[in-house]
Amino acid sequence: MAALIGLLFFQGTTKPELENYPVHPMMAPDMPANVKTIVEQKCYGCHNADSKNEKGKAKLDWDEFEASKKSKQMAAKGKISEVLREGEMPPKKFLEMKPEGKLSEAELATLIDWSASKKKGAN
Amino acid sequence: MKRWHYLLGGPVLLLLLIQLVPNELPPVVHTNPGDLIQSGIVDEEVASILKVSCYNCHSNETDYPWYSYVAPSSWLVARDVRLAREELNFSTWKEIDMIDQLGKLDDIYQEVESGKMPMDVYTVVHTSAKLDERQRELILTWAEETMDVIAEEEESEEEG
């Protein structure tokens, strides 16, 4: 019951915020512009709905991410955070062919900050 | 000795010899304070599906069949169970960060939906572990609902 009330409350409070946002409605509350820019430049090429990289698409599809609900987005962010901290993305093999695809220190830090931003409460 | 003695004796001797290699089956532990089902957050029906179809590899409560004590099959079983527990161990569920629990549930959803789990090589031998359509739906619904609940909790923790 409490969870149900919580759910109603949550939906009631976040909707107006969505409407106030001038940019992409799904993306806006979660994805700051600087994160979006990095994602578009360094991730989206493989991780999109029409990607020919089947594995990349299966693991993470940004188009789907944008459209998916909160819990799914949080789950994806947790995985993104881990992969980034392990230095697994972009893949080494990919960087051998396309060294300019590498994330700079600052970009990496921005993405890690963003993806781990819901992690504060843990531990 | 005739020729067939050698032909048969060689492999038999080899089979006997490899039994001397100690097996490395991950240990079985039945009392797990952090266990998903023991913590009571899963309803009975889903719990029984998880027990039958997942827990043999993805928990500390592995029920090892006889051939898991005989080399070389013991090596395969040991490796599979070790990797499975590393990937997801329901016996230590409560020790996992909320955000990682979300990730695991998301993985469960995708693996079960695509039919990758339980693995075909496993259900060929353990036919009762095969999920029928209804069981598959139950697991998917459970995973999705649990994700919503955890996301809510995480969110309220953020605000609080």
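In the predicted model, B:V112 counts as buried, because 22 C-beta neighbours lie inside 10 Å of this residue, where the criterion for burial is 20 or more. B:V112 belongs to helix α4 of chain B, and, with neighbours up to four places away in sequence left aside, B:V112 is in contact with B:M117, B:R136, B:I139 and B:L140. One of these partners, B:I139, touches B:V46 and B:I49 as well as B:V112, again without counting residues up to four places away in sequence. By contrast with these contacts, B:V112 and B:W4 are separated by 49 Å from C-alpha to C-alpha, and by 108 residues in sequence.

B:I139 is also listed among the prominent members of the largest nonpolar core, which comprises 28 residues; those that touch the most other members are A:A75, B:F90, B:L102, B:L105, B:I139, B:A143 and B:M147. Two or more residues of this core are given by each of α4 (62-67) and α5 (70-85) of chain A, and by each of α2 (44-53), α4 (98-113) and α6 (133-159) of chain B, so that both chains take part in the core. The element that gives the most is α4(B), with six residues. In soluble globular proteins, nonpolar side chains tend to be buried together.

Chain B contains six helices and zero strands, and its elements, followed from the N terminus, run α-α-α-α-α-α. The radius of gyration of chain B is 20 Å, well over the 15 Å that the globule rule gives for 160 residues, and chain B is therefore more spread out than a compact globule. The C-alpha trace of chain B spans about 80 × 30 × 20 Å along its principal axes. Of the 160 residues in chain B, 28% are buried. When contacts in chain B between residues at least 6 apart in sequence are considered, 79% join residues that are at least 24 apart.

Chain A has seven helices and zero strands, arranged from the N terminus on as α-α-α-α-α-α-α. Buried residues account for 18% of the 123 residues in chain A, and 47% of the contacts in chain A with a separation of 6 or more are between residues 24 or more positions apart.

Two helix pairs of chain A, both involving α7(A), were examined further. In one pair, the axes of helix α2 (residues 33-42) and helix α7 (residues 105-115) come within 10 Å and cross at roughly 115°, and the crossing is left-handed. This contact is formed by A:N34, A:V35, A:I38 and A:K42 on the side of α2(A), and by A:E107, A:T110, A:L111 and A:W114 on the side of α7(A); by class, these residues comprise four nonpolar, two polar and two charged.

In the other pair, the axes of α5(A) and α7(A) come within 8 Å and cross at roughly 145°, and this crossing, too, is left-handed. From α5(A) the contact involves A:K77, A:I80, A:S81, A:L84 and A:R85, whereas α7(A) contributes A:L108, A:L111, A:I112 and A:S115. The residues of the contact between α5(A) and α7(A) divide into five nonpolar, two polar and two charged. A:L111 of α7(A) takes part in the contact with α2(A) and also in the contact with α5(A), while α5(A) is itself among the elements that give two or more residues to the largest nonpolar core.

Conventions
Residues numbered from 1 in each chain as written. Chains lettered and ligands numbered in written order. Predicted model: local features only at pLDDT ≥ 70, side-chain atom pairs only at ≥ 80, totals over all residues. Core = buried A, V, L, I, M, F, W, Y, C linked by C-beta atoms within 7 Å. Buried ≥ 20, exposed ≤ 12 C-beta atoms within 10 Å, placed from the backbone. Helix = DSSP H or I, 4+ residues; strand = E, 2+ residues; numbered from the N terminus. Contact = placed C-beta atoms within 7 Å. Axes fitted to C-alpha atoms, helices over the stretch in contact; angles between N-to-C directions. Left-handed = near helix turned anticlockwise from the far one by under 90°. Nonpolar A, V, L, I, M, F, W, Y, C, P; charged D, E, K, R; others polar. Rg over C-alpha atoms; globule rule 2.2 N^0.38 Å.
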